[in-house]
Amino acid sequence: MTSRRNFIKKAAMGTAALTVGGVLPGFSAKSYSNIIGANDKIRVGAIGVNSRGMALATNFAKQQGCEITRICDVDSRAIAKCITSIEKAASYKPKGEKDLRKMVESKDVDAVIVATPDHWHAPAALYALKAGKEVYLEKPCSYAPAEGEILIQAAAKYGRVLQMGNQRRSWPNVQVGIKALKEGIIGNVHFGKAWYTNNRPSIGIGKEVAVPEWLDWDLWQGPAPRVAFKDNFVHYNWHWFWRWGTGEALNNGTHMIDILRWGMDVDYPTMVNSAGGRYFHKDDWETPDTQVINIEFGKSKSMTWEGRSCNGRSIEGSTVGCMFYGDKGSMLITGSDGYKIFGLDDKVIKEQTSKIAIDPRNLMNPAERLDAYHIQNFFDGIRKSAALNSDITSGHKSTLLMQLGNISQRVGRSLDIDPLNGRIQQDSIAMKLWNRDYEQGWEMKL
């Protein structure tokens, strides 16, 4: 695996050398023509392909220099559907596999996409890192803060590329807007607000039923403690159960709170609190459908996230977005690749938009063309050791802000946080939620 990774990098360097008319030592012009072809492709396995994972796998397959070699899911229908999607997009047929532990050991896989339910994110990434694979990990990077800390250590220990899928970090106009923000276009930014709204229906009261023949329920649960199968768990509703999901805060809040943290140049907070609950329906949904998380960074900066899963009234004309408030004006970044700057008189000073249409409420593939920038950044990290736009340390910090909000929500009080490492101070009950319960034998270990 290491030798192949070095080979891919050398091939990429060869491409650059040809572009400027040079030739690297150990290569001839003829050898370049042989290398820059099938052999330098990054071979990718996709894990968790029922919805978002299938969209990602198909997007990866469309990228030059990439081949999807393996499709992995505990749902046999999802495997078949994703293979068909890859065949249409790239005119080849990847192999299917049910158990990700076997897939990551495959010699025809250089990198993996992890798009499983949240409780599998960090364990799956760790399996892949241990197997010597590069990892593209959908947000949130972990179910619990302790898992994020382990992934930071693992990426360093095993020397692998680990990119979190908060794709807006790579969107061109968003990057320009953040650069302008940091250069002072709206002055000193002291407050940021992020939000997400939707009109999600009730998930009802689940009934214990036989596990469908197409699903490996034991493997779906994986690292989570075992429960009997109910008919309202799979596939999307797991988001709203604490055993597997992290609620709207990490499902959608992670994206925009990450932009706020990026633009405001902050790392770990000093205080976090949350208010909200399950207000709109009487059903099995456990996480809040209405939630406001407040985050303070010392006495100089603060931010807030508002989530409304069951009332889709937009904010600033958008169902998802964030606003920076400075002493000279404000900047709005919505779910699209663009930004808008307002003066203190509330008049628009500048607006940058993109022609690429985006649907933030699309559960599967809201922004395929823009997400390709993030995928290419991941590939550059592998081929050229380029800086990642969302490395695991950065991804963990943004994920942690929402995790701390959920911990505050669950214990019912504000949390004092150590700004040096993000850990909860003087609250042993809250710190019990820093980690999670595992099914015996499935614990995360370096």
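How many bridges join strand β1 (residues 42-47) to β2, and do the two strands run parallel or antiparallel? In this predicted model, six bridges connect β1 with β2, and the two strands run parallel. Within this pairing, Arg43 is found opposite Glu67 of β2. Between the two strands the chain passes through helix α3 (residues 52-62), and the resulting β-α-β crossover is right-handed.

Strand β2 (residues 66-72) also pairs with strand β3 (residues 95-97), to which it is joined by three bridges, again in a parallel arrangement. Here Cys72 has Glu97 of β3 as its bridge partner. The connection from β2 to β3 is made by helix α4 (residues 76-90), and these elements form a right-handed β-α-β unit. Because six of the seven residues of β2 are buried, this strand is largely enclosed by the rest of the structure.

Helix α4 deserves a closer look. Its 15 residues, at 1.5 Å a residue, should span 21 Å, and the end C-alpha atoms are indeed 21 Å apart, which agrees with that expectation. The residues of α4 that are buried are Ala78, Ile79, Cys82, Ile83, Ser85 and Ile86. They cover an arc of only 160° around the axis, and therefore lie on the same side of α4. Such a pattern can be read against the geometry of helices: an α-helix has 3.6 residues a turn, so residues three or four places apart point the same way. Among the elements that cover the buried residues of α4 are α3, β2 and β3, whereas the face turned away from the buried side carries the exposed residues Lys81 and Lys88. At the start of α4, a side-chain oxygen of Asp75 comes to within 2.8 Å of the backbone nitrogen of Arg77, and after the helix comes Ser91, with a positive phi near 60°.

Helix α13 (residues 392-411) can be followed in the same manner. Its 20 residues should span 28 Å at 1.5 Å a residue, and the 27 Å between its end C-alpha atoms agrees with this. This helix is mostly covered, with 18 of its 20 residues buried. Asp391 caps the N-terminal end of α13, placing a side-chain oxygen 3.0 Å from the backbone nitrogen of Thr393, while Gly412, which follows the helix, has a positive phi near 80°.

Finally, Gln352 belongs to strand β14 (residues 348-352). Because its relative accessibility is 29%, Gln352 counts as partly exposed. Beyond its neighbours within four places in sequence, Gln352 is in contact with Asn173, Asp337, Gly338 and Tyr339. The C-alpha atoms of Gln352 and Val174 are separated by 9.2 Å, although these residues are 178 residues apart along the chain.

Definitions and conventions:
Residues numbered from 1 in each chain as written. Predicted model: local features only at pLDDT ≥ 70, side-chain atom pairs only at ≥ 80, totals over all residues. Heavy atoms only, no water. Buried < 20%, exposed > 50% of the residue type's maximum accessible area, 1.4 Å probe, protein only. Helix = DSSP H or I, 4+ residues; strand = E, 2+ residues; numbered from the N terminus. Pairing = 2+ DSSP bridges. Right-handed = clockwise from strand over helix to strand, strands pointing away. Contact = heavy atoms within 4.5 Å. Expected span 1.5 Å × (residues − 1). Polar contact = N/O pair within 3.5 Å; in protein donor to acceptor, adjacent residues only side chain to side chain. Arc of directions from axis to C-beta.
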